[in-house]
Amino acid sequence: MIEYLCAATRKPARSILPPQAGLQRQRPAYNHDPEKARQLLDAAGYPAVNGVRFHVTMKTSTDENTRLMVAVMQQQLREVESCWIFAPSNSATFFADVTHGAFQLYSLRWIGGNERSDIFLSMAFHSAKFPPNAPTAGTT
């Protein structure tokens, strides 16, 4: 994504939080390795059946940058025999689904703030932001 969508102007993340947040330890890099991914998925109990290991639905907005990012992710999952379903919706529906936990996967961007912005603690990842009856991974 960095090479193709950002013209190599970004640095890869090593965790869910960016280094400038100062809230995480540096993690090891994981290079793009579809063969290793297939081995790990096999070992985790996700063998390919008729060429598909699993289906993942990603809810997104209709923003062009997001759609391009999803296209790259979709291609990467195809390399490991997984099916990616892209479900764009208008902003109101998208944010309502995210707020109520009605998703398997979604993507948001935060732009602005300073290097020590409390967005990571108070908004994006605080447990209070997840409703008590939100579905867990792997459930629909």
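Helices, in the sense used on this tour, are DSSP runs of H or I at least four residues long, and strands are runs of E of at least two, both numbered from the N terminus. With that in hand, select N50, which lies in the loop between α2 (34-43) and β1. Keep in mind throughout that this is a predicted model.

**First stop: two loop residues**

N50 has a positive phi of about 55 degrees, although N50 is not a glycine. Most residues other than glycine have a negative phi. At 79% relative accessibility, N50 counts as exposed. Now move the selection to E81, which is found in the loop between α3 and β2. E81 likewise is not a glycine and has a positive phi, here of about 60 degrees, but with a relative accessible area of 29% E81 is partly exposed.

**Second stop: the whole chain**

Zoom out and colour the chain by secondary structure, which comes to five helices and three strands. Followed from the N terminus, the elements run α-α-β-α-β-α-β-α. Of the 140 residues in the protein chain, 19% count as buried, and the accessible surface comes to about 10,200 Å², with 56% of that surface belonging to carbon and sulfur atoms. Among the contacts with a separation of 6 or more, 65% are accounted for by residues 24 or more positions apart.

**Third stop: the sheet**

Select the three strands, which form an open sheet in the order β2-β1-β3 with parallel pairing. The edge strands, each pairing on one side only, are β2 (83-88) and β3 (105-106). Strand β1, residues 55-60, pairs with β2 in the parallel sense over six bridges, and at T60 you will find P88 of β2 standing opposite. Next add helix α3, residues 64-78, which packs on the sheet and touches both β1 and β2; the direction of α3 makes about 165 degrees with that of β2.

Show the side chains of β1 before leaving the sheet. Which residues of β1 point to one face and are buried? They are V56, M58 and T60, whereas H55, T57 and K59 point to the other face and are not buried. In a regular strand the side chains alternate between the two faces of the sheet, and this is the general pattern to compare with the view.

**Fourth stop: the nonpolar core**

Select L41, V56, M58, M69, V70, M73, L77, V80 and W84 together, as these nine residues make up the largest nonpolar core. The elements that give two or more residues to this core are β1 and α3, and the largest share, four residues, comes from α3. Centre the view on V70 and, leaving aside its neighbours within four places in sequence, look for its contacts, which are M58, T60, W84 and F86.

**Fifth stop: the aromatic rings**

The structure holds four aromatic pairs. Select F94 and Y106, an edge-to-face pair with 6.4 Å from centre to centre and 70 degrees between the planes. Because F94 lies in helix α4 (residues 91-99) and Y106 in strand β3, the pair ties together parts that are twelve residues apart in sequence. Are these two rings' residues buried or exposed? F94 counts as buried at 2% relative accessibility, while Y106, with a relative accessible area of 27%, is partly exposed.

Keep Y106 in view and add F103, with which Y106 forms another edge-to-face pair, 4.6 Å centre to centre and with 80 degrees between the planes. F103, at 23% relative accessibility, counts as partly exposed. Adding F95 completes the selection, since ring pairs link F94, F95, F103 and Y106 into a cluster.

**Last stop: S107**

Step along the chain to S107, in the loop between β3 and α5 (119-124). With a relative accessible area of 18%, S107 is buried, because buried means under 20% relative accessible area. Leaving aside neighbours within four places in sequence, S107 is in contact with M58, K59, M69 and F94. Of these contacts, M58 and M69 belong to the largest nonpolar core, and F94 is part of the ring cluster, which makes S107 a convenient residue on which to end the tour.

Methods:
Residues numbered from 1 in each chain as written. Heavy atoms only, no water. Buried < 20%, exposed > 50% of the residue type's maximum accessible area, 1.4 Å probe, protein only. Contact = heavy atoms within 4.5 Å. Areas by Shrake-Rupley, 256 points an atom, 1.4 Å probe, with all protein chains shown as cover. Pairing = 2+ DSSP bridges. Axes fitted to C-alpha atoms, helices over the stretch in contact; angles between N-to-C directions. Core = buried A, V, L, I, M, F, W, Y, C linked by side-chain atoms within 4.5 Å. Phe/Tyr/Trp six-rings, centres within 6.5 Å; stacked < 30°, edge-to-face > 60°.
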